[in-house]
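I opened this model to go through its fold, its confidence and a few side-chain contacts. My notes are in the order in which I looked things up.

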Amino acid sequence: MRTLKSLFVLLLIGVFLACDTDQDDIALSTAEAEQLNVMVKSGSWHISEFILDDDNNTAEYANYEFVFNENSKLAAEAKGESLSGTWRVSNDSGSEYDSYYDVDFNIFFDSSTKFGELTNNYDVISATNSEIKLNLQDNPSGKTAILVFSKN
């Protein structure tokens, strides 16, 4: 009987240790999100790559300059044309489609414009002061995308 009790206690300890909530991952992704939030607001950017469902759509956006302003305002401007949208950088706490802690980059444009296809909740693959690489997969729409912003 004593062996059974010892086995039960060891099992409970094992279950307790297996339920690590990875608070260190949450803190890291929060710091990364804050850093990217500051970085993206400095200067203007252009799309250097946009591949949606294996179709290269980069040329459609080649002439546009993107400015990520305060208050989540996003401006896309080209000669004589200006479109407005919103943006947000956040750390993801996971969902059924995106179940790990990471940094997300959200872009929202009116779906009736050609910029509507940019609207999504992207995972940040990498970010430097000159380039931000975003990825879209494992989402409810089933679409995949690679979106890369380069600094002007």
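The entries below go from the whole chain to single residues.

**Entry 1: confidence**

I am working with a predicted model, so I looked up the pLDDT before anything else. The mean for the protein is 81, and 72% of its residues reach 70 or more. I then went through the elements. Helix H1, residues 2–18, has the lowest mean pLDDT among them, at 49. E3 has the highest, at 97. Over residues 7–26 the pLDDT is below 50, and I find five contacts in the model for this stretch beyond near neighbours in sequence. Where pLDDT is low, the predicted coordinates should not be read in detail. I therefore leave the coordinates of such low-pLDDT parts unread in detail.

**Entry 2: fold and surface**

How many helices and strands does the protein have? I count two helices and nine strands. Read from the N terminus, the order is α-α-β-β-β-β-β-β-β-β-β, with both helices ahead of the strands. Next I looked up burial: of the 152 residues, 34% count as buried. The accessible surface comes to about 9,400 Å², and carbon and sulfur atoms hold 53% of that. For contacts with a separation of 6 or more, I note that 44% are between residues 24 or more positions apart.

**Entry 3: nonpolar core**

In soluble globular proteins, nonpolar side chains tend to be buried together. I looked for such a set here. The largest nonpolar core has 32 residues. Which of its members touch the most other members? They are Phe-66, Phe-105, Ile-107, Leu-118 and Phe-149.

I picked Ile-107 and listed its contacts, leaving out residues up to four places away in sequence. Its partners are Leu-74, Thr-86, Leu-118, Thr-119, Asn-120, Tyr-122, Leu-134, Leu-147 and Phe-149. Two of these partners, Leu-118 and Phe-149, are also in the group of core residues that touch the most other members.

**Entry 4: salt bridges**

The count comes to two salt bridges. One is between the side chains of Lys-41 and Glu-70, with 3.3 Å from N to O. This pair links distant parts of the chain: Lys-41 is in the loop between helix H2 (23–40) and strand E1 (44–52), while Glu-70 is in the loop between E3 and E4. In sequence the two are 29 residues apart, and their C-alpha atoms are 7.4 Å apart in space. The same side chains are also listed as joined by a polar contact of 3.3 Å. Is Lys-41 buried or exposed? It falls in between, as partly exposed, because its relative accessible area is 29%.

The other salt bridge joins Lys-133 and Glu-131, and the closest N and O atoms are 3.9 Å apart. The cut-off is 4 Å, so 3.9 Å still counts. Lys-133 is partly exposed at 37% relative accessibility. Glu-131 is partly exposed too, at 28%.

**Entry 5: positive phi**

Most residues other than glycine have a negative phi. I looked for exceptions and noted two.

- Asp-53 has a phi near 50°. I find it in the loop between E1 and strand E2 (55–56), and it is partly exposed at 34% relative accessibility.
- Asn-71 has a phi near 60°. It lies in the loop between E3 and E4. Its relative accessible area is 69%, over the 50% limit, so it counts as exposed.

Glu-70, from the previous entry, lies in the loop between strand E3 (65–68) and strand E4 (73–78), which is also the loop of Asn-71.

**Entry 6: pairs far apart in sequence**

I ended with two C-alpha distances. Gly-43 lies in the loop between H2 and E1 and is partly exposed at 41% relative accessibility. Its C-alpha is separated by 7.3 Å from that of Lys-151, 108 residues away along the chain.

Thr-30 lies in helix H2. At 29% relative accessibility, Thr-30 counts as partly exposed. How far is Thr-30 from Val-89 in space, C-alpha to C-alpha? I get 9.8 Å, for two residues that are 59 apart in sequence.

Conventions. Residues numbered from 1 in each chain as written. Predicted model: local features only at pLDDT ≥ 70, side-chain atom pairs only at ≥ 80, totals over all residues. Heavy atoms only, no water. Core = buried A, V, L, I, M, F, W, Y, C linked by side-chain atoms within 4.5 Å. Buried < 20%, exposed > 50% of the residue type's maximum accessible area, 1.4 Å probe, protein only. Contact = heavy atoms within 4.5 Å. Helix = DSSP H or I, 4+ residues; strand = E, 2+ residues; numbered from the N terminus. Polar contact = N/O pair within 3.5 Å; in protein donor to acceptor, adjacent residues only side chain to side chain. Areas by Shrake-Rupley, 256 points an atom, 1.4 Å probe, with all protein chains shown as cover. pLDDT = per-residue confidence, 0-100.
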